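Visitor: Could you walk me through how to read surface and core on a model like this one?

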Amino acid sequence: CHRQIVLRLLAADVALRFGQSLNLISMSAAKSANLETALITGASSGIGLELAKCFAADGCRLILVARNQIALEKLADELRRENKVEIVVLNADLSLPETPKKIFENLSAQKILVDILVNNAGFGLNGAFAELPLARQLEMLQVNVAALTELTGHFLPPMIERNRGGILNVGSVAGFMPGPGMAIYFATKAFVLSFTEALAEELAKTDLKISVLCPGSTAINFSQIARGGKSRKIQTSKMSADEVARQGHRAFRRGKIISIPGQRNRALVFAQKLLPRRFVRKAAAFFNKMEE
């Protein structure tokens, strides 16, 4: 895009993993009142990447956040070419506790206002709680819960003040039930679901849209990371990341608070409400078992 200016923000105080600094590609019309600006975490792959495409198709300016800068730059080039949108690329590691505040401070210093916050970044681990590395599980809490909460805490008050925009959190059908074999991951998604519903009710009298996208099994690299390359004993059909993102984006735009893509996933959520909790726990434990 010939109107865009490349800005390398030399911020010595931004301590990102591998010594990388926060890199910005500045927006040429950041003060325009008509266009929305959407910040999307975990935008380098999977559902986050597809959500970026959805909001780019809306004509939104984008702030793409992830650790994989090469993948982010590739996506940014594609979206600029196809949608003629302006994009900020933030190479940032949300597993570091200081990162959310630094993202907010650096965008504020550039006078970039965020209208839509998409909290998509997250990961899971498969295995018994006592057998998994504690440090890695604490990182999961940092990314899935703490970073999501802090980013919301920074960006939501200005949205309320302007009465404009909203928040789309990416949860999971896992958030509706306990998850033996992925105990912390399921618990983090229960937080995301409950937190989003509470925010939606608190902000019901505003024009803000607050939504949580709760997909089931999705064809992304999540499972390879969560299970270390192993497979579940029970295999289920998976929705495409594109389909999940499109349904979540549409639900957000319509102001729907909870979005569960796919009839099978909706049936699962409905069924677990009717069954005894003991049965739900055992079923989830069975489903989360991996091949030896």
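Visitor: Which residues form a nonpolar patch on the surface?

Guide: A patch is built from residues with over 30% relative accessible area and no salt bridge (a side-chain nitrogen of Lys or Arg within 4 Å of a carboxyl oxygen of Asp or Glu); nonpolar side chains (Val, Leu, Ile, Met, Phe, Trp, Tyr) are joined within 5 Å, like charges within 9 Å. Here Phe129, Leu134, Leu138 and Leu141 make one, with about 380 Å² of accessible area together (Shrake-Rupley method, 1.4 Å probe, only the protein chains shown counting as cover for residues).

Guide: One caution: this is a predicted model, where local features need pLDDT of at least 70 and side-chain atom pairs pLDDT 80 or more, while totals for chains, interfaces and linings use all residues. Numbering runs from 1 along each chain as its sequence is written, and side-chain values use heavy atoms, leaving out hydrogens and water.

Visitor: Is Leu141 buried, partly exposed or exposed?

Guide: Buried is under 20% relative accessible area, exposed is over 50%, and partly exposed is in between (1.4 Å probe, protein chains only). Leu141 counts as partly exposed because its relative accessibility is 33%. You'll find Leu141 in helix H4, residues 134–162.

Visitor: And why does Thr196 count as buried?

Guide: Because Thr196 has 0% relative accessibility. Thr196 sits in helix H5, residues 183–202. Leaving aside residues up to four places away in sequence, Thr196 touches Asn169, Ile210, Ser211 and Val212 (contact: heavy atoms within 4.5 Å).

Visitor: What percentage of the protein's residues is buried?

Guide: Of the 292 residues, 50% are buried.

How values were computed
Helix = DSSP H or I, 4+ residues; strand = E, 2+ residues; numbered from the N terminus.
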